[in-house]
Amino acid sequence: LGLALYASSLCAASGAAFLYHDYCVIGAGPSGLQVAYFLQQAGRDYIVFERSHAPGSFFALYPRHRKLISINKQYTGKSNSEFNLRHDWNSLLSHDRQLLFRHYSRDFFPNADAMVHYLEDFASLLKLRVQYNTAIVHVTLERDGQAWNGHYFLLTDQDRQNYKCSSLLVATGTWVPNVVNFPGSEYVEGYETVSINPEDFAGQTVLILGRGNSAFETAENILGVTNFIHMVSRSRVRLSWATHYVGDLRAINNGLLDTYQLKSLDGLLEGDLEDLAIIKDKKGKLHITLRFYLDNRNTSAGIDSITLPQDELDNFATRAPYDRVIRCLGWKFDFSIYNRSLRMMPGKGNKKKYPQIKPSYESRSTRGLFVLGTASHSVDFRKSAGGFIHGFRYTTRAVHRLLENRHHGVPWPSTVYPITQLTNSIIKRVNEASGLYQMFSVLADIILLRENATAFEYLEEYPVGVLAELEMQTGRKAPNGLFVIIMEYGRNFSGADKDVFYYNRAVGEAQHAWQSNFLHPVIYYYKRLPTEREMRLRPPDWPLPRPDAVHHIVEDFLTDWTAPNAHILPLRRFLENCLSTDLRNFFAESCFLFAFTRQKLPPFCRQGYARMQGLVGSEGLRHHAVEAGLLEDYTLIDFSGDRAPESREGSQDRLLRDHTIPVRPLQHLVNAKDE
């Protein structure tokens, strides 16, 4: 009995050693705070672990020169808050209008200190449950058939305190500097520690390793004080305005391109950094050579005993010695804290700095482990904005909705409308929605058709990569077909070698909408939900498999897709062809006529006029409609004779023949689009 009591006390002590939460979030950066907000709004049991004393510790150090490249547009000419988020790349999503970034900085490219202040306020004012000064140093699994996902996640912090969670949300970002090891790499200074005082570089010759924004940001800071700057990387420079990828080189940092192309000593070179070697001479100058020249020689043996490239090729590009070499190669994900049981594996190729995850942002190997924020960028790397705040604030919300359905039985939010509102609903979303706009080709609106196409269910911003799993992931059914609304650039418009400023680069006519180059809405129609096999075998670079029908809304210079003839009319006709119905709105007079001349009324008449609903008339509205030719002016007709005048009779014959009222458009009349 004593042994049994002792054993039970040990078990109790062991169980008490683990602090349990349903959701554990690692990292209180932007994505960690964003998912914490959604969990708190839903009333879930969660905790956020942050190794620093405050949220957003990455922004306390980076970017080193303190200017963000995420735009902060104060004015758009519109008051629609959803639309304005299209041009606010720094705000997180919340119900508090005071927590918009424009209240923290008026600069178009804000200072990073403003972001630190903003994140601190976001966490404190919303009372998010963040546990600071807690560095998670080890994560492993504990198998348990009763757990949500068949296992618990066990976390250990720097003080050996243990935590147990049912679901793990990793929001640590990518913060481990990329380092290339080669002979002499010990002489290289890192972006994370190099001086940001330009005077420290006065009169010096500098070599920068890297070709991204951090490299050009560093060059921009010292451009006016150095002898010259050379920049070496394995790939050519990629300009964001050509690739349409915000992570590529932005115009704010590209001053070195001017000085290079305008022959002012600075320059860019391409080469594999692992083939380099650096030799330091007695004066402290750094000489660049190639690894194979060393032939197993010791780099400290002295420069006089080592063959340099210029000894054989006297015009070798980097023959001049450098005073400093700076590494600016970006960051990668920290895999070190995850036990092998989680099988957190790096991606392949240019995605190796990110963990492998599914398009649902869940780990490919461990159920219940989701990766959020910058670290989840492998899903849309070099394609969309998922690695940046203005993109992952929406993908984080999508992950939360997936979790709500999986663990709590809360279906994906949706709204049901009558089919007559289909065109209006699409036009409204493509003109306002920020998530579709920022996460183009990744997030899409889904329209689920009801039986006989009498109504539809609208789901917003669903990850298209898991479209085949829609019913399981959302708790919504799609037995009668669906439309998928997504934003896309032209197929062959983006690329490092593309000229995006060529003449006739824009399409203006609706019949050529499929050739649109700039970002524009595309509507896919499927008679049934695509299968996983169809998703897997979709054409290269297509976000979706081949649909039963597809419609491009022609690109617009103002990104305002409300033109009656260029945008709305072609869309409505496409939808009518897919559904074999008439989606126009009619006056009561037309519905009355159709009731006597058609076997089947248009949906608007069935759902409005036949139910004694519709447009309420007034004398002013009737007068306006008469002037537009939409209604007969019966006040001018003489009914004293045995029959109506010839004009009215002819008009009625024409109505009976065409089954509609032959009129011209009147777009400013509500519910009066007869053409």
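This is a short walk through one sheet, one pocket, one helix and three backbone details of the structure above.

A word on the source: the model is predicted.

Let's start with the sheet. Five strands make it up, and it is open. The order reads β8-β14-β9-β10-β11. The pairing is parallel. Which strands stand at the edges? They are β8, residues 189-190, and β11, residues 267-270. Each has a single partner strand, so one side of each is left without a neighbour in the sheet.

Take the β8 edge. Two bridges join β8 to β14, residues 324-327. On the residue level, glutamate 189 has isoleucine 326 of β14 as its bridge partner. Now add a helix. α6, residues 213-222, packs on this sheet. α6 touches β9 (205-209), β10 (228-233), β11 and β14. The direction of α6 makes about 175° with that of β10.

Next, the second largest pocket. Its space comes to about 1,600 Å³. Lining residues number 49. Which of them are the closest to the centre? Val379, Asp380, Lys383, Arg538 and Trp542. Three elements give two or more residues to the lining: α11 (389-408), α14 (470-474) and α15 (532-536). The largest share is from α15, with three residues. By character, the lining divides into 18 nonpolar, 13 polar and 18 charged residues.

On to helix α12, residues 422-432. Eight of its 11 residues are buried, so α12 is largely enclosed by the rest of the structure. The buried residues are Leu422, Thr423, Ser425, Ile426, Ile427, Arg429, Val430 and Asn431.

Last, the backbone. First item: a cis peptide bond. It runs from tyrosine 62 to proline 63, with omega near -10°. Proline 63 sits in the loop between α3 (57-61) and α4 (81-84).

Then, positive phi. Glutamate 461 has a phi of about 55°, and it is not a glycine. This glutamate 461 belongs to strand β19, residues 455-463. Is glutamate 461 buried or exposed? Its relative accessibility is 2%. Buried means under 20%, so glutamate 461 counts as buried.

Asparagine 504 also shows a positive phi, about 60°, and is not a glycine either. Where is asparagine 504? In the loop between β20 (482-488) and β21 (520-526). Its relative accessibility is 75%. The cut-off for exposed is over 50%, so asparagine 504 counts as exposed.

To recap the two positive phi residues: glutamate 461 is buried, whereas asparagine 504 is exposed.

Conventions: Residues are numbered from 1 along each chain as its sequence is written. This is a predicted model: local features need pLDDT of at least 70, side-chain atom pairs count only at pLDDT 80 or more; totals for chains, interfaces and linings use all residues. Side-chain values use heavy atoms; hydrogens and water are left out. Two strands pair if DSSP finds at least two bridges between them. Helices (H or I, at least four residues) and strands (E, at least two) are DSSP runs, numbered from the N terminus. Contact means heavy atoms within 4.5 Å. Axes are lines fitted to C-alpha atoms, for helices over the stretch in contact, and angles run from 0 to 180 degrees between N-to-C directions. On a 1 Å grid over the protein atoms alone, a cavity is a set of points where a 1.4 Å probe fits but cannot get out, and a pocket is an open set with protein on both sides within 12 Å along at least five of seven lines; lining residues have an atom within 4 Å of a point. Grid points are joined across faces, edges and corners, and a volume is the space filled by probe spheres set on the points. Ala, Val, Leu, Ile, Met, Phe, Trp, Tyr, Cys and Pro count as nonpolar, Asp, Glu, Lys and Arg as charged, and the others, Gly among them, as polar. Buried means under 20% relative accessible area, exposed over 50%, partly exposed in between (1.4 Å probe, protein chains only).
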